[in-house]
Amino acid sequence: MNKIRFIKLFTYRGMRIKMHWSLTLIVILGLLGGLLDISVPVGTLSFLLVLFIHELGHVWFAARFGLKTLKIELYPFDGRCYHQSPDTPYPNYVIPWGGVVAQVIVAIPCIAIHYFYSDGMRWRFELPLIFLGYVNLFIAFINLTPLKFLDGDKCWQLLPLYISFRFRRNKAKKSEQKHRHHRTVSHK
Ligand SMILES: [Zn+2]
């Protein structure tokens with residue numbers, strides 16, 4: 001029973017993309033909703049894309065630290081990205097920003113296109129822009145709330161960590177300069 005909790009969608013370069021059974025059920029119902037109105041599956045798939053874009057942002061930031069993502073799990077309202085563990089704790093506070101950054105990168109052009117070209121646009125074409133634009137941006141902001149179960153928890157911890165990192169680096173630089181001053185080299 002435990003094995004069918006997730007449905008494997010596909011594998012890309014060793015990265016397994018899985019969907020929780022509850023989300024699979026929602027997607028199937030959403031696709032079936034197409035028998036009534038095409039905007040139901042369009043809306044469902046657009047929302048699924050928002051979740052996936054967020055996780056891809058984590059994959060992107062993890063890759064910047066040379067960390068390979070092993071799997072992505074998608075749930076009805078969030079997801080989880082499992083990547084290799086870094087040697088220092090610093091990336092663990094930068095990678096959470098990846099999800100939000102990816103969402104904002106997608107949301108801004110979608111909002112712009114919707115703002116300028118939505119007049120007379122058919123609802124089925126407008127809906128993905130609304131989901132990938134406004135809904136996407138709204139979720140990104142909610143996700144930045146500093147709560148334990150959201151990315152915001154780790155995202156905002158980066159700030160004091162970065163300040164202390166800069167402080168320690170400046171201190172190390174000063175001490176290096178001081179020592180360099182005492183070391184002498186002579187030339188004939
Ligand atoms: Zn996230």
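## Close-up views of a predicted model

**View 1. The hairpin of strand 3 and strand 4.** Strand 3 and strand 4 are joined by a hairpin through 4 residues. The model is predicted. Strand 3 covers residues 69-74 and runs antiparallel to strand 4, with 5 bridges between them. Two of the facing pairs can be picked out by name. Ile-72 sits opposite Cys-81 of strand 4. Lys-71 has Tyr-82 of strand 4 as its bridge partner.

**View 2. The two faces of strand 4.** Side chains alternate along strand 4. Gly-79, Cys-81 and His-83 point to one face and are buried. Arg-80 and Tyr-82 point to the other face and are not buried. Read this against the hairpin pairs: Cys-81, which faces Ile-72, belongs to the buried set. Tyr-82, the bridge partner of Lys-71, belongs to the set that is not buried.

**View 3. The sheet as a whole.** The sheet is open and has 4 strands, in the order 1-2-3-4, with mixed pairing. Strand 1 and strand 4 (79-83) are the edge strands; each has a single partner strand, so one side of each lacks a neighbour in the sheet. From one strand to the next, the twist averages 15°. Strands of a sheet pair through backbone hydrogen bonds, in a parallel or an antiparallel sense. Both senses can be located here. Strand 2 and strand 3 are parallel, over 4 bridges. Within that pairing, Lys-18 has Glu-73 of strand 3 as its bridge partner. Strand 3 and strand 4 are antiparallel.

**View 4. Helices on the sheet.** Helix 1 (residues 21-32) lies across strand 1, strand 2 and strand 3. Its direction is at about 70° to strand 2. Helix 2 also packs on the sheet, where it touches strand 3 and strand 4. The direction of helix 2 makes about 20° with that of strand 4.

**View 5. The loop residue Arg-13.** Arg-13 is found in the loop between strand 1 (6-12) and strand 2 (15-20). Most residues other than glycine have a negative phi. Arg-13 is not a glycine, yet its phi is positive, about 45°. Is Arg-13 buried or exposed? Arg-13 is exposed: 6 other C-beta atoms lie within 10 Å, and the cut-off for exposed is 12 or fewer.

**View 6. Helix 2 against helix 4.** Helix 2 (residues 39-64) packs with helix 4 (residues 123-143) at an angle of about 30°, and their axes are 9 Å apart. Helix 2 is therefore roughly parallel to helix 4, since angles under 35 degrees count as such. Their crossing is right-handed. On the helix 2 side, the contact includes Ser-39, Val-42, Gly-43, Ser-46 and Phe-47. On the helix 4 side, it includes Trp-123, Arg-124, Leu-127, Pro-128 and Phe-131. By class, the residues of this contact are 11 nonpolar, 4 polar and 1 charged.

**View 7. Gly-43 in the helix 2 and helix 4 contact.** Gly-43 belongs to helix 2. With 20 other C-beta atoms within 10 Å, Gly-43 is buried. Which residues does Gly-43 contact, leaving aside neighbours within four places in sequence? They are Leu-127 and Phe-131. Both are among the helix 4 residues in the interhelix contact. Leu-129 is 86 residues from Gly-43 in sequence, but the two are 9.8 Å apart in space, C-alpha to C-alpha.

**View 8. Helix 2 against helix 3.** The axes of helix 2 and helix 3 come within 7 Å and cross at roughly 130°. The two helices are therefore oblique to each other. The crossing is right-handed. Helix 2 contributes residues including Ile-53, His-54, Leu-56, Gly-57, Trp-60 and Phe-61. Helix 3 contributes residues including Val-94, Trp-97, Gly-98, Gly-99, Val-101 and Val-106. The residues of this contact divide into 12 nonpolar, 6 polar and 1 charged.

**View 9. Tyr-117 in helix 3.** Tyr-117 lies in helix 3 (residues 91-117). Tyr-117 is exposed, with 12 other C-beta atoms within 10 Å. How many Å separate the C-alpha atoms of Tyr-117 and Ile-72? The separation is 34 Å, for residues that are 45 apart along the chain. Ile-72 is the residue opposite Cys-81 in the hairpin view.

Terms used
Residues numbered from 1 in each chain as written. Predicted model: local features only at pLDDT ≥ 70, side-chain atom pairs only at ≥ 80, totals over all residues. Axes fitted to C-alpha atoms, helices over the stretch in contact; angles between N-to-C directions. Parallel < 35°, antiparallel > 145°, perpendicular 65-115°, else oblique. Left-handed = near helix turned anticlockwise from the far one by under 90°. Contact = placed C-beta atoms within 7 Å. Nonpolar A, V, L, I, M, F, W, Y, C, P; charged D, E, K, R; others polar. Pairing = 2+ DSSP bridges.
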